[in-house]
Structure formats: C-alpha cells, structure tokens
Amino acid sequence: MSEPLNFLAELTGSFARPAADNPTVAMIEAAYQHHGLNWRYINFEVAPEDLADAVRGARALRFAGFNCSLPHKVEVIQHLDGLGESAAIMGAVNCAVRRDEQYIGENTDGKGFTKSLLKVVDPKNKRVVMFGAGGAARAIGVETALLGASHFTVVNRSKERGQELVELLNEKTPVNADLVLWEGDYDVPTDTDIVVNATSIGMFPDVDAQIPVNVESLQPSMVVADVIANPLRTNLIKDAESRGCTVLDGLGMLVNQGVISIKYWTGVDVEAQVMRDKIVEIIER
Ligand code: NDP
C-alpha cells in the first residue's frame with residue numbers, strides 16, 4: 001500500500017510568476033523528488049480578507065504546514081496556535097508547522113540566513129553592520145543576535161524603521177545595537193566582521209544600482225552577505241570580492257530557509273544543492 005500523500009502550501013498575496021516558474025514551489029518539489037518523498041507543495045493566491053478561511057481550510061485538509069509570504073506574515077499570527085522563539089520576537093511568520101494538531105508559526109528566513117552564514121563564520125562575539133531595517137533585516141538581525149553577535153549597527157535611510165529595529169534588538173535579544181542614518185556613502189568601520197545588505201537595492205530589474213557604501217572601506221577580513229538572490233552576483237558581491245572579502249549571495253538564505261522548512265514539516269534533511277540548482281535554472285531561463 002502506498003503512503004498517504006502529505007500536502008503543504010504557500011499562502012501568498014499574489015503570484016509573481018506562473019506556478020511552474022515559482023522558485024519556491026520548484027525548489028521544494030525538486031527536493032521531494034530527489035529524496036523520493038511522497039509530499040506535494042502547492043501555492044494559493046489568498047486575498048488578505050480570506051486569510052482566516054485559508055488557514056481553516058489548511059486545518060480541515062490536514063496540511064502538514066504552509067509557508068506564507070507578503071502580505072500575510074504578520075496577520076497570520078492571530079490564526080495560529082503558538083509561535084517559535086524567534087518568530088515571537090520578530091512578530092512575523094513565514095512557515096507554519098503542524099505539531100500535535102496545532103499550527104505553530106516559525107520564521108525560517110533569518111534561520112536560512114544564519115545557516116548559510118555559519119558555513120563561513122560563526123557570528124558569536126562578532127560585530128555586524130547591516131543595511132536596511134525591513135522584514136528581511138528584522139529576521140536576520142534577530143537570528144544573528146540570538147547566535148551571540150556582540151554588536152549590531154543598523155544603517156537605514158528612514159529613521160522610524162531603523163529605530164524600531166534597533167529597539168527590538170536591544171530589548172528582546174542579548175545584542176547591543178545602534179542606528180546610523182544612511183546619508184551618502186557609508187564607511188564600514190574597520191573592526192566590522194560581517195556586513196549584510198538587507199535592502200532591495202540592486203534587485204532585478206535594477207541590477208545596476210549601487211549600495212551607497214565606500215567600497216574602499218571593505219576589508220579582506222570581512223564577510224559580506226547580500227539578501228538579493230536575483231541577480232546572484234550583485235554589484236555589492238562583485239565589489240566585495242574585488243576587495244578580497246568572503247562573500248555570500250542571497251540564494252544561500254533562500255535555499256536554506258526552504259531546507260529548514262522541509263526539516264520542520266517532514267523531519268528529513270534535504271540536500272541544499274538540489275534546490276539551489278533548480279532555482280539557478282529558473283533565474284537563468
Ligand atoms: P522591506 O520593504 O520590508 O524593506 C526594504 C528595506 O530596504 C528598508 O530598510 C528600506 O529602507 C531599504 N531600501 C529600499 N530601497 C532603498 C534605497 N533606494 N535606499 C536606501 N534604502 C532602501 O523589504 P524586505 O525586507 O522584505 O526585503 C528586502 C530585500 O530582501 C528584497 O530584495 C527581498 O527580495 C530580499 N529577501 C531575500 C530573501 C532571501 O531568502 N534571499 C528573503 C526575504 C527577502 P527604508 O526603511 O528607508 O524604506
């Protein structure tokens with residue numbers, strides 16, 4: 001007798017691409033196929049006013065879990081039964097997991113980033129400079145702080161959003177954080193260990209956009225990470241490489257958040273490379 005089929009879903013605000021070209025669906029299904037997992041991952045376009053019904057539907061259909069993307073990451077919380085530690089601090093969920101008949105909200109975005117980061121540097125006792133203070137920055141900031149980073153400088157254009165993130169990091173994690181308002185090219189302090197771009201500057205189609213940073217201030221000892229996955233080699237990544245830095249592209253975060261989500265849902269450690277290859281195939285199409 002064959003195993004029952006397990007379903008997972010992505011609840012999203014709108015489809016940027018047709019399902020066959022949706023990178024998340026394609027990379028997760030590629031992992032299932034590679035590992036012979038009898039699971040399916042499907043995506044649904046859900047209007048904000050239908051979110052409660054969509055989650056009720058997932059419960060009724062006994063989905064093992066679901067991802068949610070913008071604009072549902074915060075609103076979904078009121079429809080879940082509990083939150084993981086970092087999701088509770090961030091106040092945002094991108095992955096719900098059915099545990100003992102309850103849907104628990106997790107945030108695998110920041111965990112995906114740190115899983116990728118840990119392959120090149122342990123952030124414990126390290127000094128971090130991060131550009132941006134939006135959703136991606138919040139996830140990265142909280143997760144990296146929970147791993148023991150000693151200091152965080154948030155460099156952001158708007159004061160309110162920057163201040164909000166700095167207060168969250170100082171109040172809810174062990175890290176010391178401060179805010180620098182972004183005006184002109186930023187000089188990265190020489191004692192910085194990790195530099196992260198968590199803004200959308202340089203994202204397709206604005207691939208020629210330059211992050212306002214003094215490239216000469218990047219040192220070979222620094223790890224420079226970009227959240228942008230398309231293009232894979234952003235101007236920041238190219239500049240950092242030319243300065244001799246260790247670089248991490250945004251695909252590491254994207255793929256690893258998927259690897260962690262699949263582990264939560266199925267208990268299986270899947271091969272990240274299979275998922276990465278599938279996304280690169282889609283980006284390069
Ligand atoms: P948000 O809209 O929540 O935040 C965007 C941030 O970028 C804000 O801090 C904003 O500053 C800053 N920003 C945008 N444009 C500029 C500019 N021209 N100059 C200075 N600052 C700017 O977006 P998200 O945090 O959700 O996403 C940010 C990026 O991260 C996107 O490119 C997204 O694709 C990527 N991402 C990648 C993931 C991955 O797995 N690789 C996962 C999630 C996101 P301000 O506050 O002043 O407006």
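Sorted by class, the residues that form the shell around the ligand comprise 10 nonpolar, eight polar and two charged ones. The model in which this shell is seen is a predicted one, and a good way to begin reading it is to ask which residues come nearest to the ligand. Of the 20 residues around the ligand, those that come nearest are Ala133, Ala136, Asn156, Ser158 and Val227.

Some of the surrounding residues also place polar atoms beside oxygen atoms of the ligand. In Ala133 the atom concerned belongs to the backbone, and this polar backbone atom is 2.8 Å from an oxygen atom of the ligand. In Asn156, by contrast, a polar atom of the side chain lies 2.8 Å from a ligand oxygen, while in Arg161 an N or O atom of the side chain is 3.0 Å from an oxygen atom of the ligand. Taken alone, the ligand exposes 930 Å², and the protein buries 74% of that area.

The shell can also be described by the helices that contribute to it. Both α5, which covers residues 135-146, and α8, which covers residues 250-266, supply at least two residues each to the shell around the ligand, and α8 gives the most, with three residues.

Turning to another part of the chain, we can follow helix α1, which takes in residues 23-34 and so has 12 residues. From its first C-alpha to its last, α1 reaches 16 Å, which is close to the 16 Å expected at 1.5 Å a residue. At its N-terminal end, α1 is capped by Asn22, from which a side-chain oxygen lies 2.9 Å from the backbone nitrogen of Thr24. After the helix comes Gly36, whose phi is positive, near 65°.

Is α1 largely enclosed or largely open? Nine of its 12 residues are buried, and therefore α1 is largely enclosed by the rest of the structure. Among the buried residues of α1 are Thr24, Val25, Met27, Ile28, Glu29 and Tyr32.

Finally, there are the cysteines to consider. A disulfide is a covalent bond between the sulfur atoms of two cysteines, and the count of disulfides in this model comes to zero. Cys68 is in no disulfide, and the nearest cysteine sulfur, that of Cys95, is 8.3 Å away. Since a disulfide requires two cysteine sulfur atoms within 2.5 Å, the 8.3 Å from the sulfur of Cys95 to the closest one, in Cys68, is too far for a bond. Cys68 is buried, with a relative accessible area of 2%, and Cys95 is buried as well, with a relative accessible area of 0%.

Methods: Residues are numbered from 1 along each chain as its sequence is written. This is a predicted model: local features need pLDDT of at least 70, side-chain atom pairs count only at pLDDT 80 or more; totals for chains, interfaces and linings use all residues. Side-chain values use heavy atoms; hydrogens and water are left out. A residue is near a molecule or strand if one of its heavy atoms lies within 4 Å of it. A polar contact is a pair of N or O atoms within 3.5 Å; within protein, one must be able to donate a hydrogen and the other to accept it, and residues adjacent in sequence count only if both atoms are side-chain atoms. Accessible areas come from the Shrake-Rupley method with a 1.4 Å probe; for residues, only the protein chains shown count as cover. Helices (H or I, at least four residues) and strands (E, at least two) are DSSP runs, numbered from the N terminus. Ala, Val, Leu, Ile, Met, Phe, Trp, Tyr, Cys and Pro count as nonpolar, Asp, Glu, Lys and Arg as charged, and the others, Gly among them, as polar. The expected span of a helix is 1.5 Å times one less than its number of residues. Buried means under 20% relative accessible area, exposed over 50%, partly exposed in between (1.4 Å probe, protein chains only).
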